[in-house]
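Hi,

Here is the structure I said I would pass on. Have a look at it first, and my notes follow underneath.

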Amino acid sequence: MELFLTILFPFVGGVLLAFFPPNRGREIKLFSAFVAFSTLVLSIVIFALYDYREGGYQFTESFTWLEHPLNISFSLGLDGISAPMVLLTGIVMFAAILVSWNIEHRPKDFFVLLMMLVAGVYGTFVTRDLFFLFFFYELAVLPMYLLIGVWGSSSDFGTFIRTKEYGAMKLVLYLVAGSVLVWVSILAVYWAASQAGTPTFSLEELQSVEFNDGFKHFENLFFPFFMVGFGVLAGLWPFHTWSPDGHVAAPTAVSMLHAGVLMKLGAYGIIRVGMILLPDGADTWMPVLIGLGTVNVLYGAIAAMSQQDLKYVVGYSSVSHMGYVFMGIATLHPLGVGGAVLQMFSHGIMTALFFALVGVIYDRTHVRDIRVLEGLSKRMGFTAAFFAVAGLASLGLPGLSGFIAEFLVFVGVFEEYLPLAVLAVIGAAITAVYILRLLAKVFFGPISPRWEHLGEASKIEMGAIALLGFVLLFVGVWPLPFMDVINAGVSTIPGVS
Amino acid sequence: MPETNLTSNLHLLLPEFLLATLAFAVFAIDLLLPANRKKLLAWVSVAGLIGLLALALALLWGENEEMYGGLIKVDSYALFFKSFFILLGIFIILSSVDYVGKHLSHPGEYYGLILFSVLAMNVMAASREILTAYVALELMSFSFYIMVSYARYNPRSNEAGIKYVLIGAFSSAILLFGISMLYSTIGVTHFADISATLANAGDASPALWVGLALILVGLGFKVAAVPFHMWAPDVYQGAPLPVTAYLAVGSKAAAFALMLRLFAEAFMPSIDDWQIIVAIIAAITMTVGNLVAIAQHNIKRLLAYSSIGQVGFLLVGIAALSETSPLASNGVMLHIVGYSFTNLAVFVGIIAFFNMTGKEEIADFSGLADRHPFLAAAMAIGMFSLAGLPFFAGFTTKFYLFTAAANEGLLWLAGLAIVNSLISLYYYQVEIRHMYIQPAPDMEGKLEPASAHNPHPPPVGGGAEDASRHSPTPLIIGVLILMVLGTFFVGVYPFPIVEALDAATSAILPGAGS
Amino acid sequence: MGGGLDRPSMDLAELAWLIPSLSFVAFFLIVLFGRFLPGQGAFVAILAIAAGFAMFWVVLGGFLGAECPDSFGQKTCTFNREWFTAGSVVLSWGIIIDPLTVVMLGLVTLVALMVQVYSLGYMHGESRFGWYFAVHALFVASMLALVLADNFLLLYVVWELVGVCSYLLIGFWYERRSAAEAAKKAFITTRIGDVGLLLGILLLFKEVGTFDMSTTFAAVSAGEIGEGTLTAAALLLFLGAMGKSAQFPFHVWLPDAMEGPTPVSALIHAATMVVAGVYLVARAFPIFEAAPDALIVVAAIGLITALMGATMALVVTDLKRILAYSTISHLGLMMLSLGAFGYTAAIFHHLAHGFSKALLFLGAGSVMHSMNNETDINKMGGLRRVMPITTLTFTVGALSLAGIPIFAGFWSKDEVLLAVLDHKNYLLAFALIAAFLSAMYMARALYVVFYGELKAENNHVHESPWVMLAPMAVLAVLAVIFGFVAIRITEAGGIGTFLFFNYPHGFEFNTGLGVGSIILAVGAFVLGWYIYMARRISLGPWKVRFAAAIRVVGNKYYLDDLYQWGVDRVVMAFSRFVALFDRVVINDKAVNGPGESVRRSGLNLRYHVTGRMYNYAMGMAVGAVAIAILWWVLTTST
Amino acid sequence: MPLEAFQVLSAALFCIGLYGVLARRSAVLILMSIELMLNAVNINLIAAAAHMDQTAFTGQIIAIFVITVAAAEVGLALAIILRIFRNRSTVNVDEVDLMKW
């Protein structure tokens with residue numbers, strides 16, 4: 001029952017919010033913060049109650065949705081891989097709502113759409129049915145258009161302009177285009193399952209179906225569909241361009257949720273559907289994925305180095321960090337994949353913290369251009385300190401969550417793909433370069449006269465930022481509970497030797 | 001020919017007879033009513049329809065009888081579509097009450113014609129003989145011809161009318177020629193007999209499949225499949241708004257009801273011949289429909305092309321028909337239901353907007369979300385559902401339909417269809433962008449310009465409400481709420497509907513038991 | 001705690017893990033509750049390190065008495081606990097105690113204590129006083145943990161932490177643009193070195209399957225790892241060491257690191273952090289020993305660094321930068337001695353250098369403190385009269401580093417030269433030049449700053465408070481007596497018997513080499529006297545003759561400019577190209593392109609609906625014919 | 001007379017009607033050509049029914065239905081054409097293209 005609650009809380013919260021009078025901003029925000037907090041507590045309880053010794057699916061429940069020919073059933077379950085993701089969603093959602101306390105333009109619709117987004121994300125992480133995984137996967141994309149289109153911000157970079165409408169349209173169309181590939185391959189999987197005599201959409205039964213009987217190269221043909229389809233949302237290299245543009249236009253809360261959680265949805269999809277259903281396809285295509293992952297890492301880091309806009313830097317850095325996730329997944333080594341899942345969690349928190357801080361800076365300075373921002377730490381000490389924490393976490397400093405994840409990925413990649421591992425470690429060094437350049441340029445050094453009057457982040461924003469910072473520190477210092485749970489989940493993946 | 005006992009179990013057609021009497025009653029009452037009470041006619045016909053619906057459901061539940069020596073069969077398939085069409089009639093009449101009051105004269109004949117078209121549709125769904133089907137088809141077409149050109153003084157409505165009539169007559173001539181070819185080669189007109197002769201006819205003679213091809217062309221015109229679709233945009237744009245809604249939903253649903261029964265019961269044995277052709281027509285239809293819709297800036301024309309695209313998806317279902325699995329026909333019917341709810345949500349929204357502002361260009365919708373949040377939200381929900389995004393009917397029905405296609409090995413067709421729903425998301429997003437993101441134009445004052453569509457003010461009876469009404473009437477809001485709820489429920493919990501569809505499918509495809 | 005026999009003296013040594021955790025706790029205490037404690041919690045840090053120092057003696061006693069298995073001839077006790085298993089891999093945490101660790105513990109805790117006491121006076125009145133001591137405590141904790149780490153994973157973790165602390169401390173006054181840039185430069189350069197270290201660790205993990213040092217060394221000595229991978233691993237580890245210990249290509253960050261407060265330089269950039277590289281090579285010596293050509297590289301790099309450091313120190317006029325270059329030069333010497341199998345010599349020199357350099361930095365600090373942060377030596381002169389104690393302690397430090405006989409530096413440098421003589425005699429000449437140059441710049445610094453006549457504006461200068469002088473005095477005493485102690489440390493004689501690799505060797509004094517080095521050192525001081533004090537020899541003509549060379553050395557061999565050029569022209573240009581490529585090619589062409597073409601095809605396609613009715617009829621007719629043809633083709637072909 | 005002769009005649013008539021619809025510009029003439037096509041259908045039906053010597057007269061019944069439907073259609077179409085003529089005083093199909101693309 002608990003898992004259904006995680007979807008129900010935000011959904012019902014959204015529906016109730018719709019009946020609030022539109023002008024009562026404060027009550028709307030308080031209510032949505034309450035809903036977010038209760039969902040966060042729920043996900044923490046769920047994560048704590050997950051017994052990693054037993055492993056496999058827990059808190060399972062299911063009831064049929066469509067009868068015989070399609071055999072779709074609304075079945076929920078939590079395993080080692082989705083448990084940290086549920087926790088991540090809870091944390092990032094609560095922080096996102098706290099940070100968007102100063103939304104004045106139509107706050108009711110904003111929070112209703114945010115709730116729908118989060119309900120979709122929770123749904124994808126907890127379902128055990130392929131149809132509903134795709135149902136919630138698409139649902140998570142739907143509110144994105146209005147959220148960015150209405151509350152986003154256009155920005156003019158001189159040589160090119162990125163309006164919020166362009167950002168919203170591009171983001172939604174690109175992600176739905178990605179999901180087209182996923183939809184086609186889901187249909188193919190169903191077709192193969194019905195050829196094999198058991199037409200069904202439930203993931204367990206599909207797992208036991210021998211796909212290659214019906215059509216010899218089935219798995220090799222349709223795994224890349226899943227890989228690219230989900231990869232688009234996860235920021236796989238050639239399909240990543242929506243992420244920087246989307247984030248530049250999106251409001252803070254939406255970028256936090258999007259980069260923090262939705263990109264992990266893509267990677268989760270690759271693991272849950274690609275690797276578990278089509279293990280042979282995974283074996284043949286993993287070298288391609290690890291190659292692309294390395295390009296992701298280096299490309300994102302190098303591109304981030306010369307960006308002028310803070311959000312572009314963070315956007316490209318999430319592309320680079322997602323590269324580690326791809327490499328980790330592609331190693332098919334218990335440590336590698338475990339590192340990838342931990343990296344999904346830690347990078348989710350990290351990027352959410354980054355975007356929250358950038359949002360705080362943007363709200364006060366109304367500018368995100370690095371060349372103009374100088375020496376902010378004098379007036380915004382708290383923000384500067386936590387930006388440093390987030391930066392150090394992203395360059396993989398031990399004692400913060402980034403290091404454990406990246407180290408495990410490196411160990412995994414080192415087993416077979418030695419040269420790529422060297423490139424990945426160099427990628428980590430490049431990350432250090434652009435993070436430190438950013439810190440030195442924007443926060444340290446003498447304060448420029450233009451920012452003399454700047455005020456510090458508000459109490460609520462400080463709360464959100466502190467929460468995220470604390471989680472980064474906690475996972476970094478004591479990663480044991482996370483590693484055990486993830487290890488239990490990873491060992492169930494077929495093909496992970 | 002079975003024995004010609006024409007009067008046995010006549011009671012099965014009771015709903016149709018009562019419907020006819022109701023229509024004539026409306027015409028009669030129209031003569032007696034003074035000009036300012038014409039709205040009463042609408043409530044009479046709605047009440048009548050509701051009564052009929054109850055009667056039909058009570059009387060014909062679980063029936064499986066033939067009539068008139070096999071010409072008409074009243075089974076769960078016919079019953080399902082009968083109740084669907086009556087409901088549809090009710091919603092169309094309710095949503096056109098304001099519009100007719102404000103823009104059209106002689107409301108009496110208008111409601112009468114709607115009742116006649118509902119009658120025709122019921123018979124189309126129930127007929128199992130090619131001639132009866134043709135006659136019902138013509139009855140429906142005639143009522144639509146008149147309704148399309150109902151705004152007598154509006155040049156666009158006239159132009160739409162003449163185009164529709166002439167091209168319609170032309171297509172019915174082709175259909176008839178096909179029927180005559182079929183008859184001259186096989187000699188039978190009953191669906192059952194046709195499928196029997198086709199089953200053991202071995203390879204069909206050239207004359208036979210020319211006949212079948214021409215029948216396909218005739219029906220293609222009726223549903224506006226691509227090579228035969230060019231009339232649709234002009235007719236949709238010219239016709240009065242409620243009639244466009246009725247055309248987009250009613251006439252297409254009825255045509256597909258007829259096609260589904262025809263292809264399932266009559267042409268099933270030679271499916272290998274026509275499956276590829278229907279698949280190719282489907283592919284072209286959806287692609288052209290969705291592509292050209294991108295370039296539209298008039299909302300009615302946009303929805304015309306979007307409905308052509310939707311027809312492409314339905315034809316995918318027809319192409320994926322199979323004796324063994326009920327998926328395809330279930331998919332077609334489910335998509336018809338989902339598509340109708342969704343399309344009506346959008347059209348009723350446009351009708352409400354038109355009643356307020358009298359404008360139908362996409363750009364005029366900008367800033368609607370600020371002024372009328374519920375109206376904008378309802379239309380946005382409709383459009384997201386048409387684009388096939390979750391939570392709403394579009395996603396579930398499309399998923400069901402494409403799974404059926406994939407199951408029959410038509411994965412390429414399903415893939416193309418999914419790409420097309422992506423393209424459709426683009427042009428719906430343009431509209432939603434106008435409603436939600438573009439700021440409202442500053443011409444707040446002139447909400448109700450002198451209606452270009454109606455140089456002569458409507459007779460005193462029609463113009464009851466004051467011209468400068470700023471918010472949609474509670475009636476329209478009510479219909480809108482119903483549509484949105486329908487879209488939502490088909491999307492989230494389609495189980496009850498799928499149960500009814502299973503019964504209907506087993507009626508026309510005995511082998512495809514679930 | 002598994003491992004080792006459970007003897008009372010054993011668990012004494014086992015308590016060693018307490019030393020770093022005390023400072024860790026101090027860090028968290030100060031950060032969380034610093035505001036409420038008196039003096040922003042500075043005393044908590046000092047208490048922690050003092051307790052650490054006391055614990056060191058307990059651990060030393062416990063270790064001497066303990067019975068532990070020998071590894072490579074040295075008694076090593078290891079205690080570790082299993083932490084996490086993933087699949088076939090077991091990750092465990094633990095500590096290792098052997099003579100090298102004990103010696104390092106002593107050095108770090110002592111110098112850290114002295115510097116923290118000194119900082120009480122030096123940093124008095126700073127706004128972020130508490131934060132300084134907090135990071136100081138964190139640094140000391142991670143340095144101690146680095147010394148104790150028994151597996152490469154823990155080593156890498158604290159290695160990075162040390163890097164971050166140096167970043168935070170160098171950038172302590174981050175309002176100053178130069179300090180912010182220096183901190184960034186330091187962190188990035190060391191980070192590039194860390195890439196090598198991480199790759200080395202991963203390579204070893206790939207071969208051996210565990211991070212544990214003792215198993216790795218056992219595997220190496222058993223010859224399980226191929227020659228090629230071993231050399232590669234050794235070189236990669238050395239790359240990490242080069243980053244931290246500012247060896248030749250990566251030394252550029254150390255001179256700029258002087259932007260940080262002077263006590264920081266005294267602790268980090270003299271005695272502890274910069275030596276982490278030397279400690280790493282010493283700790284992983286079995287790997288280096290098994291890869292001789294890696295050792296050649298180590299020696300070569302060490303020599304180049306020593307010479308470059310020494311030449312640059314001669315030219316620069318900023319007091320702290322002179323000491324920084326001298327540190328680089330001496331680190332080069334240590335690497336050279338390690339490269340020449342001089343394991344004991346390197347560690348002995350490192351200890352002696354640690355004490356004396358920390359002393360020199362504290363001296364420089366007290367000079368700057370009283371001359372309100374003036375660092376240019378030409379503005380100083382004759383401070384002997386106004387700052388007697390600082391002068392005395394500074395002189396002791398300078399003489400020790402120059403290698404004047406009775407001081408610690410002489411013995412250790414002599415050991416180094418001996419080691420180079422035994423194994424790499426073709427490098428001896430260069431080593432002697434380096435030794436001579438180090439004596440020269442020490443003499444120059446000494447004379448120009450403290451002796452000679454006092455300038456008029458400096459006469460208001462007064463001596464620093466006792467809280468700064470006491471630590472300097474302690475270090476001065478150590479700089480003097482440590483040499484003798486090290487020679488007589490055990491009955492058998494010499495530090496060689498206590499700290500050695502594979503086989504102990506007593507201390508023997510090679511008369512020829514010893515006398516030679518004495519002559520060089522004393523000669524340098526005499527020469528310095530004539531140049532700077534008696535003005536007998538003027539450097540004018542020499543400066544003219546070697547103008548070009550001096551200019552090159554003055555500009556730090558143009559390395560800084562080369563790196564800056566590399567970053568701006570190559571790296572940033574490539575990054576701008578990638579960003580542009582991403583936006584223009586991938587985004588506008590590959591993504592918007594198809595979208596745009598779909599939209600345009602929609603626009604063109606709409607014209608087929610011409611509005612004329614007969615075109616519609618024609619469309620239908622053509623459609624009918626097309627279907628008939630299609631059907632005919634299908635039925636006949638299948 | 002063999003059945004094929006009649007079928008050829010009806011096909012010919014059908015094509016003449018088809019040509020009329022495509023070539024003519026006046027709405028009334030288009031209507032007349034459509035009627036021509038419908039009569040072609042009748043010929044086809046009657047010929048087929050005659051050759052089939054059935055008792056149920058299906059062919060003839062269909063023909064009668066076709067004639068009635070054609071009549072109704074003409075009445076309806078002419079009314080609408082009248083409407084256009086009254087509004088725009090033209091029945092030329094070329095000028096009736098307010099709505100395109």
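Is C:Cys165 buried or exposed? C:Cys165 is buried, with a relative accessibility of 0%. By buried I mean under 20% relative accessible area, with exposed being over 50% and partly exposed in between (1.4 Å probe, protein chains only).

Before the rest, some housekeeping. This is a predicted model, so local features need pLDDT of at least 70 and side-chain atom pairs count only at pLDDT 80 or more, while totals for chains, interfaces and linings use all residues. Residues are numbered from 1 along each chain as its sequence is written, chains are lettered from A and ligands numbered from 1 in the order in which they are written, and side-chain values use heavy atoms, with hydrogens and water left out.

Back to the cysteines. D:Cys15 is partly exposed, at 45% relative accessible area. Over all chains, the structure holds zero disulfides, a disulfide being a pair of cysteine sulfur atoms within 2.5 Å.

Now chain C as a whole. Chain C has 26 helices and four strands; these are DSSP runs, numbered from the N terminus, with helices being H or I of at least four residues and strands E of at least two. Of the 638 residues in chain C, 60% are buried. Along the principal axes, the C-alpha atoms of chain C fill a box of roughly 115 × 65 × 60 Å.

Next, salt bridges. There are 41 of them over all chains, counting a side-chain nitrogen of Lys or Arg within 4 Å of a carboxyl oxygen of Asp or Glu. I picked out three to show you.

In chain A, the side chains of A:Asp79 and A:Arg272 form a salt bridge, at 2.7 Å from N to O. A:Asp79 sits in the loop between strand S2 (72–78) and helix H3 (82–99) and A:Arg272 in helix H11 (residues 252–277), so this pair ties together parts of chain A that are 193 residues apart in sequence. A:Asp79 and A:Arg272 are both buried.

Also in chain A, A:Asp309 and A:Arg368 meet through their side chains in a salt bridge with an N to O distance of 3.1 Å. This pair links distant parts of the chain, 59 residues apart: A:Asp309 is in the loop between H12 and helix H13 (310–330), and A:Arg368 is in the loop between helix H14 (334–365) and helix H15 (381–394). A:Asp309 is buried at 5% relative accessibility, and A:Arg368 is buried at 6%.

In chain B, a salt bridge joins B:Arg261 and B:Asp75, with the closest N and O atoms 3.0 Å apart. Here too the pair links distant parts of the chain, 186 residues apart, with B:Arg261 in helix H10 (residues 241–266) and B:Asp75 in the loop between strand S2 (72–74) and H3. Both B:Arg261 and B:Asp75 are buried. Salt bridges with shared partners join these two with B:Glu66, B:Lys73, B:Arg128 and B:Glu265 into one network.

On to the surface charge. Which residues gather in a patch of negative charge on the surface of chain A? They are A:Glu210, A:Asp213, A:Asp280 and A:Asp283. A patch here joins residues with over 30% relative accessible area and no salt bridge, like charges within 9 Å and nonpolar side chains (Val, Leu, Ile, Met, Phe, Trp, Tyr) within 5 Å. A:Asp280 lies in helix H12 (residues 279–305) and is partly exposed, with a relative accessible area of 34%.

Two backbone spots are worth a look. Most residues other than glycine have a negative phi. B:His106, though, has a positive phi near 50 degrees. B:His106 is in the loop between helix H3 (76–103) and helix H4 (107–126) of chain B, and is partly exposed at 42% relative accessibility. C:Tyr557 also has a positive phi, about 55 degrees. The place of C:Tyr557 is the loop between helix H24 (547–554) and helix H25 (559–605) of chain C, where C:Tyr557 is partly exposed at 27%.

Last, a couple of distances. B:Val148, in helix H5 (residues 130–148) of chain B, is buried at 0% relative accessible area. From C-alpha to C-alpha, B:Val148 and B:Glu159 are 9.5 Å apart, and they are eleven residues apart in sequence. A:Leu114, in helix H4 (residues 107–126) of chain A, is buried at 2%. The C-alpha atoms of A:Leu114 and A:Phe482 are separated by 27 Å, with their positions 368 residues apart along the chain.

Cheers

Conventions: Areas by Shrake-Rupley, 256 points an atom, 1.4 Å probe, with all protein chains shown as cover. Lys, Arg positive; Asp, Glu negative; His and termini not counted. Charge placed at Lys NZ, Arg CZ, Asp CG, Glu CD.
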